[in-house]
Amino acid sequence: AASARAARRRLLVFVPPWADAPVVDRLTRLGAELTVCPRQPADPAGDPCHHRFRAAVAAGALPFSCQGSDNGLTIDGGMTLGFELAEQSRAAPVARLFVQVGGGALASAVAQGLAWASELGVIVRRPALHPVQAEGCFPLIRAWRRICRALVAELGGTAAPAEDLASGPSAARADAAAARWLSTHASAQALEGALSRAAAERASAMWPWETEPHSAASGILDDETYDYLAVVRATLETGGWPVVAAEATVLEAHRLGTRASFAVSATGTAGLAGALTLAQADLLDRSERVAVMFTGVAR
């Protein structure tokens, strides 16, 4: 909205009825034209805001959005965060990175930035990527589990991830076991084959969340993780796995973030909720250096 105002361009914004009031107020003050998009019984499955957005693009609007699948410049911009993290962690490497995920552009962009930094020798190895979603909506984690379950079975393993909609410490431990087994037993060729099949048969892994999403971390409540395949690839390549954060943990992460004097929303601290979840499940080594990203200033 700030960019559109500076460029004197008209900006259409599609928001859900429960959009955060500070966000709505800021968009309005910057001159954006807001359309509230409630869910209608006749709507197709998925996010009504994204449906209205795609209709506007089909009618001739430019996709000035934060979805990498609709605007590739989103990924290019987000990659700079990966570059900065690589530079900051050269002296003391980061073992694990927790990133909040809605549509997936932030995680896929940062992962690509870190991959480039690794190829250029800026860092010795990429941190294990842990995408984080709230228990009120986690289509990425469901997709990751389906892809990994098929791959483990194909390779004759027994360390299957948790069931599609499972959450809690036992689910986190099952996902960790599957990820660790795959990092040891799955070749690059096997991983590529699994990802290619997922791309060819998208609906077998990724489809809209069946119920209306809910969480204090409202900015990651996308019905689909549009950039899911890039995020799944990054987890498999780095030995990470996605994390379902309970709503109580999402709120605790926000409390800790604001107590540390960060003016950040519950969406922005959701990555910390993932780190807390793994700590609660005894899946973090105290000797490991981990990173979380705080994004989105709360005003």
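The questions and answers below concern one helix pair and several salt bridges in a predicted model.

Residues are numbered from 1 along each chain as its sequence is written, and side-chain values use heavy atoms, without hydrogens and water. Because the model is predicted, local features need pLDDT of at least 70 and side-chain atom pairs count only at pLDDT 80 or more, whereas totals for chains, interfaces and linings use all residues.

User: Are H6 and H8 parallel, antiparallel, perpendicular or oblique to each other?
Analyst: Helix H6 (residues 139–154) and helix H8 (residues 188–200) pack with their axes 10 Å apart and at an angle of about 135 degrees. Angles under 35 degrees count as roughly parallel, over 145 as roughly antiparallel, 65 to 115 as roughly perpendicular and the rest as oblique. H6 and H8 are therefore oblique.

User: Is Asp70, the partner of Arg54 in a salt bridge, buried or exposed?
Analyst: The side chains of Arg54 and Asp70 meet at 2.8 Å, N to O, where a salt bridge requires a side-chain nitrogen of Lys or Arg within 4 Å of a carboxyl oxygen of Asp or Glu. Buried means under 20% relative accessible area, exposed over 50%, and partly exposed in between (1.4 Å probe, protein chains only). Arg54, at 36%, is partly exposed, whereas Asp70, at 16%, is buried.

User: Which residue forms a salt bridge with Arg10?
Analyst: Arg10 is exposed, with a relative accessible area of 64%, and its partner is partly exposed at 35%. The closest N and O atoms of the pair are 2.9 Å apart, and the partner is Glu33.

How values were computed:
Axes are lines fitted to C-alpha atoms, for helices over the stretch in contact, and angles run from 0 to 180 degrees between N-to-C directions. Helices (H or I, at least four residues) and strands (E, at least two) are DSSP runs, numbered from the N terminus.
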